[in-house]
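Please open the model in your viewer and keep a selection tool at hand. The stops below can be taken one after another, each with something to select and something to look for.

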Amino acid sequence: MRFIARYAKERGRIFEITTVYDTEVKKEQVDKEKPVIGTLSHEHPAALWFERKMQDDFGIIVEDAFDKRPLVHQEQFPKHVHPMRKDFHAKELEFSEFQPYNYEVINGDGVFQVSVGPIHAGIIEPGHFHFSQAGEKMLHLEVRHFYKYRAIEKMLEGKTLHEAKPIIERISGNESIAYQICWRDIVLQASQQELPLALQKQHAFLLELERIIHHLTDLGFIPNDAGFGAALALGSKLAEDARRKMKEITGHRFGFGAIDFENRLLDTASLDEWLYDMEENIEYFEDWIIDIPSLWDRFDTTGMLSLKKAVKYDSVGVVARASGLATDRRLNAFYLQHGFELSSEISGDVAARFKVRISEVKNSLKMMHNLLEEDTTALHIKSVDDGEYVSFTESSIGELFMAIDIKEGVIERFFVRDASFMNWQALHVMMRKDIIADFPLINKSCDLSYAGNDL
């Protein structure tokens, strides 16, 4: 079974622990007075961050876990404060005494430690990367995030689905459309309605537009981190063209507010022409980059993630597909009917992740032609029913999972798991046998979200 998520809910005198797999959902209950659960991390290493987060958020003890360090709580977070409990209402916190975080390190003769971040030289969000090195060779990497923990799960409690939308769509700018589509599907489930085909096609068009914006940016930055800045110039130009097209269609460069239940009247002829131009540009870009051997000397065999490791860490998105793991939420009848083809490689290195992105951009452009339609169909949303709802979307980074419980018409529990929350945990496996100068290249080839990770 593929592990997807694990999270807690407070139910009066108990905590309910929900574990989501690709084939089933398991629930267990523990007494709030003695909240102890067993770990899944021995079988599914990616479960560890979920369990450490439950420990910080709710005070749930994972008795047999091999790592019980705080995850979300930073060094001065007050002890015995668990902000996701229903009795927590504080608007601000008093810092406690500083407690150093004990990084996982390798010790020995000739081994030294290198810390990168959480403040970086480039334009990047806060993340800490701690290396154990022997000379230039990376022996071990620990990734530590959650410096911009925003308490989004707590913030959304008590809001209606429509009140929550402006917050949900801004969780991660690279995936705004994907987050909105997850929200949309929960609204549809809760109101027991189906989305008209014309709206479904338009929303899918915007999702693929968002995907090519993100991929084009990466396709410029990956060669740049191998010393070829000209690719960044062209990749950024193409990404900016697509970003402006997003604003032209939706009114916002990131598509905020784009997914609703009113169909926008699109200029299909103009968009078709733009798509053909973009196809020519990406063909030129691919031919250009393929013919630069020095780049492929850096890409090939660098930052390798084997299929076995991709499965072990329950990887998703481009990271998984570049290692031969065929997982994509677009593998469904709707997408297949509109031209979806799974893009995958087997080498699991930077080269494979670059090639998957090129292939996905080309396939997205093909699908976008098929998704264009002049139709002003609208859907009137009825009142929503109380209940537990989940949804999935294949964002530009990978599988996005969202769960919302509605009670008395408002959100009782909000949980979302970005693809990055899974893939950050596999990053350290890719570093072994490479040198520290390759770290930016490997990291960029995965291009994971900090904001989507740090709720």
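Contact here means that heavy atoms lie within 4.5 Å of each other. The model is a predicted one, which is worth keeping in mind at every stop.

**The largest nonpolar core**

Begin by selecting Phe299, Phe414 and Leu427, which touch the most other members among the 120 residues of the largest nonpolar core. Helix H5, residues 197-224, gives this core its largest share, 11 residues. Now centre the view on Leu427 and leave aside its neighbours within four places in sequence: Leu427 is then in contact with Phe129, Leu141, Val143, Phe439, Ile442, Asn443 and Cys446. Apart from this core lies another one, of 12 residues, and you can find it by selecting Phe15, Leu48, Met54 and Met84, which are among its members.

**Helix H15 and its partner H12**

Next select helix H15, residues 439-446, which is mostly covered, with 6 of its 8 residues buried. Which residues of H15 are buried? They are Phe439, Leu441, Ile442, Asn443, Ser445 and Cys446. After H15 comes Asp447, and the phi of Asp447 is positive, near 40 degrees.

Add helix H12, residues 350-371, to the selection, and you will see that H12 and H15 pack at an angle of about 35 degrees, with their axes 9 Å apart. Their crossing is left-handed. On the H12 side the contact is made by Val350, Arg353 and Arg357, and on the H15 side by Leu441, Ile442, Ser445 and Cys446. Sorted by class, the residues of the contact of H12 with H15 are 4 nonpolar, 1 polar and 2 charged.

**Helices H5, H6 and H7**

Return to H5 and show helix H6, residues 229-250, with it. H5 and H6 pack at an angle of about 165 degrees, their axes being 7 Å apart, and the two helices are therefore roughly antiparallel to each other. H5 passes H6 in a left-handed crossing. To see where they meet, select residues on both sides, including Phe205, Leu209, Ile213 and Leu216 of H5 and Leu232, Leu238, Met246 and Ile249 of H6. By class, the contact of H5 with H6 has 15 nonpolar, 6 polar and 3 charged residues.

Keep H6 on display and bring in helix H7, residues 268-290, whose axis comes within 11 Å of that of H6 and crosses it at roughly 165 degrees. That makes H6 roughly antiparallel to H7, and the crossing of H6 and H7 is left-handed. Among the residues that meet here are Ala230, Leu234 and Asp241 in H6, and Leu271, Trp274, Tyr284 and Trp288 in H7. The contact of H6 with H7 has, by class, 13 nonpolar, 2 polar and 2 charged residues.

**Strand S6 and the loop after it**

Move to Val111, which lies in strand S6, residues 111-116. Measure in the viewer from the C-alpha of Val111 to that of Ala134: the two residues are 23 apart in sequence and 4.7 Å apart in space. Leaving aside neighbours within four places in sequence, Val111 is in contact with Ile106, Ser132, Gln133 and Leu139.

Then select Gly117 and Pro118, which are joined by a cis peptide bond with an omega of about 10 degrees. Pro118 lies in the loop between S6 and strand S7, residues 128-134.

**A buried loop residue**

Select Thr39, in the loop between strand S4 (36-37) and helix H1 (47-58). Is Thr39 buried or exposed? Thr39 counts as buried because its relative accessibility is 12%, and buried means under 20%. Its contacts, neighbours within four places in sequence left aside, are Arg6, Glu51, Val62, Asp64 and Ala65.

**Two residues with positive phi**

Finish with a pair of loop residues. Asp314, in the loop between helix H9 (307-312) and helix H10 (317-321), has a positive phi of about 50 degrees although it is not a glycine. Asp314 is buried, with a relative accessible area of 3%. Glu408, in the loop between strand S10 (399-407) and strand S11 (410-417), also has a positive phi, near 55 degrees, but Glu408 is exposed, with a relative accessible area of 70%.

How values were computed. Residues numbered from 1 in each chain as written. Predicted model: local features only at pLDDT ≥ 70, side-chain atom pairs only at ≥ 80, totals over all residues. Heavy atoms only, no water. Axes fitted to C-alpha atoms, helices over the stretch in contact; angles between N-to-C directions. Helix = DSSP H or I, 4+ residues; strand = E, 2+ residues; numbered from the N terminus. Parallel < 35°, antiparallel > 145°, perpendicular 65-115°, else oblique. Left-handed = near helix turned anticlockwise from the far one by under 90°. Nonpolar A, V, L, I, M, F, W, Y, C, P; charged D, E, K, R; others polar. Core = buried A, V, L, I, M, F, W, Y, C linked by side-chain atoms within 4.5 Å. Buried < 20%, exposed > 50% of the residue type's maximum accessible area, 1.4 Å probe, protein only.
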